[in-house]
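Thanks for coming, everyone. Please bring up the sequence and the model on your screens, and I will walk you through some local features.

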Amino acid sequence: MSESLDIIILTFNEERNIEACLQSAAQLKANIFVVDSGSTDQTIAICQKYTPNIFEHPFENYSVQRNWALNNLPLTGNWILNLDADHRVTPELAAQLNDIFGKQVNEEINGFLISRRTMFMNKWIKHGGHYPTYHANLFRRGFGMCEEKLYDQHFKVTGKTQVLKNDIVDVITDSLTSFINRHNHWATLEAQYQMEQQHAPALDDNGQLVHPRLFGNPMERRRYLKKRYEAFPLFVRPAIYFTIRYFFKLGFLDGTTGLIFHFLQGFWFRFLIDAKIYELRKEAKKR
């Protein structure tokens with residue numbers, strides 16, 4: 001007995017990315033669903049070549065959009081794979097998933113962890129602890145949801161998960177300008193979140209967040225290390241993080257492109273978060 005798969009892809013003005021994403025998704029024996037948030041370019045026309053299942057929903061934030069799709073689309077598959085327009089399903093992963101879902105999956109498994117292969121300026125970033133990086137974007141229908149966070153959201157799976165050996169390619173930017181603009185926006189969201197965490201008592205999330213656990217699955221370990229990072233002083237922690245990542249975790253082996261990536265993503269971005277936290281603290285003192 002085989003399993004059935006649905007794929008959900010979020011879009012907004014993704015005419016540069018979406019066709020390659022859809023072509024890669026077409027390798028899978030699956031129904032493709034697109035949730036668009038008001039594209040004004042050729043995104044919809046491109047999507048119509050691959051699937052009739054195109055829906056529109058206003059974008060509030062990533063978590064809300066993902067969970068709206070999970071709760072409102074006419075999904076019929078036993079399993080759901082969540083993709084972004086800049087993701088590419090590798091042929092190896094497609095073959096593995098077609099094999100897995102070509103027969104009945106162990107009933108104890110409710111999700112699969114898939115690593116992302118980060119592509120930056122057309123280069124695969126292999127070092128600096130950036131690969132493999134696992135995400136639970138494939139799970140049984142009804143057993144997964146997206147964390148309700150403004151930034152750094154992960155999918156939370158109820159039950160056991162299994163790590164897959166093949167990857168999703170993540171083309172994280174089409175230009176340095178786009179990269180900087182997006183990370184400036186994300187730095188604002190992360191600074192606001194960290195400020196809220198500092199000034200509000202811990203609330204019971206009813207098990208809806210990925211909890212930090214040193215000896216948990218790869219996502220839980222990464223959340224644990226992030227919490228440890230946040231305990232260090234502002235402006236000191238980005239320097240420590242970059243040093244560990246670039247030198248001790250061999251980020252320098254990614255060459256000149258890797259230097260640009262690790263510096264911007266591993267130092268500048270995190271320094272910017274700290275600067276925004278510093279600014280928010282100064283503003284709070286004036287009130």
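**A walk through the model**

Start at Ile240, which is found in helix 7, residues 236-248. Before going on, one caution: this is a predicted model. Now, is Ile240 buried or exposed? Its relative accessibility is 33%, so Ile240 counts as partly exposed. Ile240 also belongs to a nonpolar surface patch of about 850 Å². The other members are Phe232, Val236, Ile244, Phe247, Phe248, Leu250, Phe252 and Leu253.

Next, a patch of another kind. Arg281, Lys282, Lys285 and Lys286 gather on the surface as a patch of positive charge. Take Arg281 from that group. Arg281 sits in helix 8, which covers residues 255-286. With a relative accessible area of 32%, Arg281 is partly exposed.

Now to the strands. Please find strand 6, residues 109-120. How many of its twelve residues are buried? Eleven are, so strand 6 is largely enclosed by the rest of the structure.

Which strands does strand 6 pair with? I will take three of them. Strand 11, residues 160-171, runs parallel to strand 6, and nine bridges join the two. As a landmark there, look at Arg117, which stands opposite Val169 in strand 11. Strand 8, residues 134-140, pairs with strand 6 in the antiparallel sense, over four bridges. Here the landmark is Ile114, whose bridge partner in strand 8 is His135. Strand 7, residues 123-124, is also antiparallel to strand 6, with two bridges. Met119 is the residue to find, standing opposite Trp124 in strand 7.

A general point while we are on strands. In a regular strand, side chains alternate between the two faces of the sheet.

Stay with strands 6 and 7 for a moment. They form a hairpin with two residues between the strands. Which residue there takes a positive phi? Met121 does, with a value near 50°.

Move along to the loop between strand 7 and strand 8, where Pro132 is found. The peptide bond leading from Tyr131 into Pro132 is cis. Its omega is near -5°.

Two more backbone spots deserve a look. Asn13 is not a glycine, yet its phi is positive, near 50°. Asn13 lies in the loop between strand 1, residues 5-11, and helix 1, residues 18-25. Asn13 counts as partly exposed, because its relative accessibility is 32%. The second spot is Asp152. Asp152 is not a glycine either, and its phi is positive at about 60°. Look for Asp152 in the loop between strand 9, residues 144-146, and strand 10, residues 155-157.

That same loop brings us to salt bridges. How many does the structure hold? There are 14 salt bridges. I will go through some of them.

First on my list, Glu108 and Lys160. Their side chains meet at 3.4 Å, N to O. This pair links distant parts of the chain, 52 residues apart. Glu108 is in the loop between helix 4, residues 91-100, and strand 6, while Lys160 is in strand 11. Glu108 has a relative accessible area of 48%, so Glu108 is partly exposed.

Next, Glu147 and Arg223. In this salt bridge the closest N and O atoms are 3.0 Å apart. Why does the pair tie together separate parts of the sequence? Glu147 lies in the loop between strand 9 and strand 10, and Arg223 lies in helix 6, residues 218-230, so the parts being tied are 76 residues apart. Are these two partners buried or exposed? Glu147 is buried, with a relative accessible area of 0%. Arg223 counts as buried too, at 7% relative accessibility.

Then Glu220 and Arg213. Their side chains meet in a salt bridge of 3.1 Å, N to O. Here one partner is buried and the other is not. Glu220 counts as buried at 11% relative accessibility, whereas Arg213 is partly exposed at 44% relative accessible area.

Last, a network. Salt bridges link Glu190, Lys226, Lys227 and Glu230 together.

To recap with the model in view. Strand 6 is largely enclosed, with eleven of twelve residues buried. Its bridges to strand 11 number nine, and the two run parallel. On the surface, find the nonpolar patch that includes Ile240, and the positive patch that includes Arg281. Thank you.

Technical notes: Residues are numbered from 1 along each chain as its sequence is written. This is a predicted model: local features need pLDDT of at least 70, side-chain atom pairs count only at pLDDT 80 or more; totals for chains, interfaces and linings use all residues. Side-chain values use heavy atoms; hydrogens and water are left out. Patches are made of residues with over 30% relative accessible area and no salt bridge: like charges are joined within 9 Å, nonpolar side chains (Val, Leu, Ile, Met, Phe, Trp, Tyr) within 5 Å. Accessible areas come from the Shrake-Rupley method with a 1.4 Å probe; for residues, only the protein chains shown count as cover. A salt bridge is a side-chain nitrogen of Lys or Arg within 4 Å of a carboxyl oxygen of Asp or Glu. Lys and Arg count as positive and Asp and Glu as negative; His and the chain ends are not counted. The place of a charge is taken as NZ of Lys, CZ of Arg, CG of Asp or CD of Glu. Buried means under 20% relative accessible area, exposed over 50%, partly exposed in between (1.4 Å probe, protein chains only). Two strands pair if DSSP finds at least two bridges between them.
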